[in-house]
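Subject: Structure for you to look at

Hello,

Here is the structure I said I would pass on. Please open it and keep it beside this email while you read.

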Amino acid sequence: MAPLSPSSLNRNLAGQPPSATLAINERSNELIRQGRRIFKFGLGQSPFPVPPMVVAALQAAAHEKDYLPARGLPALREAVADYLQRRQGLRRAAQQVIVGPGSKELMFLLQLAFAGELLLPSPSWVSYAPQARLLGRQTTWLPTDLAQDYKLQPGTLDAHCAAAPAAPRLLILNYPNNPTGVSYTDAELAALGAAARRHNVLVLADEIYGDLDHAGAAPSIARHYPEGTVVSTGLSKWCGAGGWRLGVFSFPPELEWLAAALAVAATETFTAVSAPIQHAAVCAFRGGTEIERYLTHCRTILRTLGSHGRQTLEQAGGRLPRLDGGFYLFPDFSSLRETLGGRGLVDSPALVEKLLEETGVATLPGTAFGRPPGELTLRLSYVNFDGAAALRAAESGEVIDGAFLWRHCADSVEAFARMARWFRPS
Ligand code: PLP
């Protein structure tokens with residue numbers, strides 16, 4: 001009998017590297033252990049604590065011990081449907097809401113259930129394409145342009161779909177966007193929704209950063225293409241609860257067949273999300289004045305710090321798209337190609353490595369998000385500060401301005417300054 005060996009590995013997994021985000025975090029921790037000062041602009045985690053009333057709801061639900069229905073706690077699914085109605089004017093039935101252990105897991109199950117080509121605007125978040133690869137599915141990267149803030153254009157979707165009109169396709173559209181920080185206007189979403197409808201493309205609207213739109217706006221493509229759009233959100237970003245692992249999908253009635261398939265996959269894999277977490281999530285999605293106040297402060301801090309970073313990097317020679325929401329910046333340093341090339345830095349992975357080595361600032365290369373290797377783009381998750389302290393200061397009435405950033409987000413400000421000095425040594 002042959003001994004157990006890697007030759008028995010599913011070939012979709014063979015050679016698959018670990019997630020780029022986790023890899024940079026491990027490398028940063030290693031340098032920290034060596035005594036280096038590291039500015040963690042790599043991992044995309046909210047710096048803010050979970051709102052106290054949501055924490056209290058979790059404490060109160062600690063005794064909940066029963067398995068819950070695979071689609072989720074009915075009260076939570078109601079709260080999510082109300083949330084979508086309140087935030088975006090979407091009419092979604094609670095019956096077609098599915099709760100999962102993070103939206104990432106639900107995305108994997110959606111890709112498992114829907115046999116089609118995956119379409120991703122370049123750049124897109126790091127995990128969509130690897131999930132497709134794990135499932136043996138094909139990914140097509142749709143080009144975008146920095147001059148158009150990396151937004152997918154309806155004509156690009158038309159051109160791609162025209163080649164094989166009958167092919168089933170899934171487009172994942174994420175706004176505010178990780179990695180770019182860009183959102184679409186309502187008019188742009190209307191045009192994209194119309195294009196998706198023309199080609200019967202299934203759309204997954206990844207709105208996990210929706211409540212972190214810096215202006216508090218929340219247009220959704222589901223308003224324009226309701227019958228073909230699954231909306232995804234969760235507690236990880238706006239509620240600061242990434243480690244709680246709770247994500248939700250909402251389906252239109254026309255896609256009940258898909259929701260039902262996901263529910264079956266749920267019963268055969270994770271069974272149901274942890275009961276106490278689901279009970280606490282009811283409180284988060286119901287919202288109220290305390291959560292609104294929390295979100296207003298989070299957005300203002302993120303907007304002020306992000307604008308400062310954007311400006312600093314622009315002055316250092318970076319080109320950046322507009323900043324609408326979330327906590328990421330995506331500068332392109334291609335204008336410094338000659339100088340950087342002279343230092344042997346001709347692609348984004350080399351740039352990231354050298355930047356980390358020489359400044360201590362940990363970032364991710366544009367290649368991790370589907371950008372071409374020769375392009376000198378980086379993703380910065382600019383939230384390297386004590387969010388609890390910053391939030392307390394904002395709540396006590398401190399004005400959120402440049403001086404606030406120096407007092408409460410000093411490591412992020414320092415990291416931007418180090419990058420600027422490195423790219424443009426005087
Ligand atoms: N979508 C985007 C764009 C993200 O950045 C993330 C997390 O980093 C996720 C989805 C997954 O979030 P979760 O699985 O925590 O709900």
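Below is what was found in it, part by part.

Please keep in mind that the model is predicted.

The two domains

The domain assignment divides the protein into domain 1, made of residues 18-47 + 290-423, and domain 2, residues 56-286. Domain 1 is therefore written as two stretches of the chain, because the assignment, automatic or from a database, sets the bounds that way. Between the centres of the two domains, taken over C-alpha atoms, there are 26 Å.

Where the domains meet

How many residues of each domain are in contact with the other? On the domain 1 side there are 30, and on the domain 2 side there are 34. Together the two domains bury about 2,700 Å² between them, and 57% of that area is on carbon and sulfur atoms. Three residues of domain 1 are worth finding on your screen: R299, D324 and F369 supply 22% of the area that domain 1 buries against domain 2, more than any other three residues.

R299 comes up again when we turn to charges. The count of salt bridges between domain 1 and domain 2 is 1. D211 and R299 meet through their side chains in a salt bridge, with 3.4 Å from N to O. As for polar contacts, 16 residue pairs are counted between the domains, with both residues at pLDDT 80 or more.

Which elements give two or more residues to the side of domain 1 that touches domain 2? They are α10 (289-315) and β9 (328-329). Of these, α10 gives the largest share, 7 residues. Sorted by class, this side of domain 1 has 15 nonpolar, 7 polar and 8 charged residues.

The ligand

The model also holds a ligand, with 14 residues surrounding it. The closest are S103, D206, Y209, S236 and R245. For three of these, here are the distances to the ligand. In the side chain of D206, an N or O atom is 2.6 Å from a nitrogen atom of the ligand. Y209 places a polar side-chain atom 2.7 Å from an oxygen atom of the ligand. The side chain of S236 has an N or O atom 2.6 Å from an oxygen atom of the ligand.

Backbone details

Some places in the backbone deserve a look. The peptide bond from S122 to P123 is cis, with omega near 5°. P123 sits in the loop between β3 (117-121) and α5 (128-134). Y175 and P176 are also joined by a cis peptide bond, and there omega is about -20°. The loop that holds P176 runs between β5 (169-174) and α7 (186-198).

N200 is a residue other than glycine with a positive phi, near 50°. You will find N200 in the loop between α7 and β6 (202-206).

Salt bridges

What does the count of salt bridges come to? The count is 19. One to look up is the salt bridge of E353 with R27, whose closest N and O atoms are 3.0 Å apart. This pair links distant parts of the chain, as E353 is in helix α12 (residues 348-359) and R27 is in helix α1 (residues 20-33), 326 residues apart.

Regards

Definitions and conventions
Residues are numbered from 1 along each chain as its sequence is written. This is a predicted model: local features need pLDDT of at least 70, side-chain atom pairs count only at pLDDT 80 or more; totals for chains, interfaces and linings use all residues. Side-chain values use heavy atoms; hydrogens and water are left out. Contact means heavy atoms within 4.5 Å. Buried area is the accessible area (1.4 Å probe) that two parts lose on being put together, summed over both. A salt bridge is a side-chain nitrogen of Lys or Arg within 4 Å of a carboxyl oxygen of Asp or Glu. A polar contact is a pair of N or O atoms within 3.5 Å; within protein, one must be able to donate a hydrogen and the other to accept it, and residues adjacent in sequence count only if both atoms are side-chain atoms. Helices (H or I, at least four residues) and strands (E, at least two) are DSSP runs, numbered from the N terminus. Ala, Val, Leu, Ile, Met, Phe, Trp, Tyr, Cys and Pro count as nonpolar, Asp, Glu, Lys and Arg as charged, and the others, Gly among them, as polar. A residue is near a molecule or strand if one of its heavy atoms lies within 4 Å of it.
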